[in-house]
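Got the viewer open? Let's walk through this one stop by stop, with something to select each time.

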Amino acid sequence: MSPAAPPGSSALRVWAPAFGAGAVLAAVIGAAAVGLALAVGRADLAGLVGDAYVLGVLRFTVWQALLSAALALVLAIPVARALARRPAFPGRAVLVRLLGLPMVIPVIVGVLGIVAVYGRSGAINDALEAAGLPRLLDIYGLSGILIAHVFFNMPFATRLLLQAWAGVPAETWRQAAQLGMSGPQIFRIIEWPLIRAAAPGIAALIFLLCFTSFAVVLVLGGGPPNATLEVAIYQALRFEFDLPRVIAFAILQVAVCAALVAFIQRLARPMAMEAGLAAPAPRPDGHDALARIGDGVAIAFGAAVLGLPLIAIVTAGLTGPIGAVVSDPVFLEATRNSILVGLSAGALSLLLGAGILATSRRLRVGLWRPGQAETLEIAASLVLVVPPFVIGAGLFVLLRSIGDAFAFGLVVTAIVNALMGLPFVLRILGPPATRSLADTGRLADSLGMTGLMRLRLIEIPRLRRPAALAFAVATALSLGDLGVIALFGSAGNRTLPLHVYQLMGTYRTGEAAVGALALVVLCVVLFVVIERGIGGRGDD
């Protein structure tokens with residue numbers, strides 16, 4: 001029997017929290033749309049969208065994203081398979097946990113580590129020169145973009161693929177052993193169908209991430225010939241102020257992202273990010289010498305792709321001019337601005353997510369309308385369709401028509417970054433919030449518990465830890481973002497990622513390395529302080 005609607009829960013009462021959060025989202029996105037509309041003027045928009053240069057940028061954006069997604073997935077398959085076949089080697093759990101690190105470290109930090117390893121003056125070219133060979137690697141251009149995207153996305157794909165292997169029942173491996181199936185037969189009959197089912201959704205998700213890549217292409221692209229849509233928007237706004245062309249790029253960006261999100265919604269299945277930590281069931285294959293060597297090479301390759309840039313970042317940062325950097329007033333100001341922007345964005349993202357979830361969980365649990373709840377949460381993740389950089393571009397144009405757009409730089413960056421973190425807040429906080437209402441809603445309603453009393457006695461104790469995690473994730477994402485601030489940043493409102501990028505642009509690589517390491521430490525410290533300070537240490 002379906003539970004009755006909570007006493008006194010009118011439609012307005014149920015929908016009010018979502019309306020409040022939706023009003024903020026509509027105001028921000030609407031203001032950006034107004035700014036972009038003002039930029040159109042009397043321009044021939046159809047002609048601009050079909051312009052040879054605009055279409056060339058679109059082609060390169062799609063091409064580099066296709067290559068990046070294909071490389072990341074193809075390289076991830078043998079690494080994931082090797083980790084699935086080797087459940088008990090020293091350091092496996094640490095390595096699998098580290099596979100999620102590139103997705104959360106600031107992009108500019110990862111790029112700096114890649115330059116330190118693969119750049120013209122990087123560790124690999126130094127080793128080649130020491131061996132009497134020419135410096136073969138050139139990090140700038142399409143090759144550098146692909147290397148960086150593999151670093152950020154191959155570990156991510158590996159973890160998601162591990163979920164596919166983790167889903168194989170132990171009975172399947174026992175039956176394979178009883179039938180005497182060889183390694184190639186196991187791959188063809190058992191593993192390949194799993195890969196074929198999981199790969200499209202993973203590839204589409206990575207394609208979307210690479211399609212909207214900004215910092216990687218900005219630093220490693222090498223100039224306009226290798227510009228993606230977001231970089232082209234940045235260049236057209238900051239250097240040329242060609243507003244009609246900005247609109248053309250934005251239209252293409254939103255159109256392709258909308259198609260990609262719809263595609264991913266059909267293909268991608270929820271996958272736990274802790275997949276692969278537990279030891280899988282014993283397998284009958286992989287015991288011969290050739291299989292051991294192959295798995296060892298694959299695991300070593302995955303560890304090298306992941307570890308070398310991270311080691312380079314730490315090494316360069318610790319050996320750089322630490323004293324000079326941390327005492328620099330510009331560095332201190334950028335650090336302060338980053339903390340303010342990160343905390344503000346995290347808090348706003350959590351507040352918006354809480355408003356949306358307050359309505360969606362009532363629809364799911366109290367009113368049995370899961371379709372409406374799902375639609376509401378998908379609509380709240382509109383930032384997946386309208387990328388933050390496009391929103392930032394619209395707000396930049398609007399504010400510039402009013403006054404000094406750069407004066408609002410930190411505020412706009414915090415607001416847009418809050419929208420960027422909203423999908424993560426919904427994913428982290430949504431399930432426990434729904435469970436909390438399902439477990440306690442009837443009793444609380446029967447006791448007449450509402451308002452602050454219900455919040456203090458029920459919601460805060462049960463949702464304290466997931467809320468703290470959501471706040472920490474949204475804060476860390478905003479803290480390390482080099483996106484909107486690249487549009488609005490100036491001498492008085494730069495953040496730490498922008499400061500590191502500017503140091504790299506002036507070839508002060510030693511100082512940039514110290515700044516990058518400081519950014520990583522700041523992200524980790526804030527994450528731990530928020531998660532532990534608000535969420536506590538023990539289990540609820």
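Start by selecting Leu 237. Skipping its neighbours within four places in sequence, you'll find Leu 237 in contact (heavy atoms within 4.5 Å) with Leu 243, Val 246, Ala 393, Phe 396, Val 397 and Leu 487. Before you click on, note that this is a predicted model, where local features need pLDDT of at least 70, side-chain atom pairs count only at pLDDT 80 or more, and totals for chains, interfaces and linings use all residues. Numbering runs from 1 along each chain as its sequence is written, and side-chain values use heavy atoms, with hydrogens and water left out.

Now add Leu 161, Ile 391 and Phe 488 to Leu 237: these four touch the most other members of the largest nonpolar core, which has 146 residues. A nonpolar core here is a set of buried Ala, Val, Leu, Ile, Met, Phe, Trp, Tyr and Cys residues joined through side-chain atoms within 4.5 Å. Buried is under 20% relative accessible area, exposed over 50%, and partly exposed in between, using a 1.4 Å probe and protein chains only. Helix α3 gives the most to this core, 15 residues. For a second, separate core of 6 residues, pick out Trp 173, Ala 176, Met 181 and Ile 190, which are among its members.

Next, show α3 (residues 52-85) with α11 (residues 229-240). Their axes come within 9 Å and cross at roughly 140 degrees, which makes α3 oblique to α11. (Axes are lines fitted to C-alpha atoms, for helices over the stretch in contact, with angles from 0 to 180 degrees between N-to-C directions; under 35 degrees is roughly parallel, over 145 roughly antiparallel, 65 to 115 roughly perpendicular, and the rest oblique.) Where do they meet? Look at Tyr 53, Val 57, Leu 58 and Thr 61 in α3 against Leu 229, Ala 232 and Gln 235 in α11.

Then switch to α5 (residues 107-118) and α13 (residues 289-319), whose axes come within 8 Å and cross at roughly 95 degrees. The two are therefore roughly perpendicular. Residues to show in the contact include Gly 110, Gly 113 and Ile 114 of α5, with Leu 308, Pro 309 and Ala 312 of α13 among their partners.

Last stop: α22, residues 509-535. Its 27 residues reach 38 Å from first C-alpha to last, close to the 39 Å expected at 1.5 Å a residue. Its buried residues include Leu 519, Leu 522, Cys 523 and Leu 526. Just past α22, click Gly 536, which takes a positive phi of about 80 degrees.

Zoom out to finish: the protein chain has 22 helices and 0 strands (DSSP runs numbered from the N terminus, helices being H or I of at least four residues and strands E of at least two).

Notes
The expected span of a helix is 1.5 Å times one less than its number of residues.
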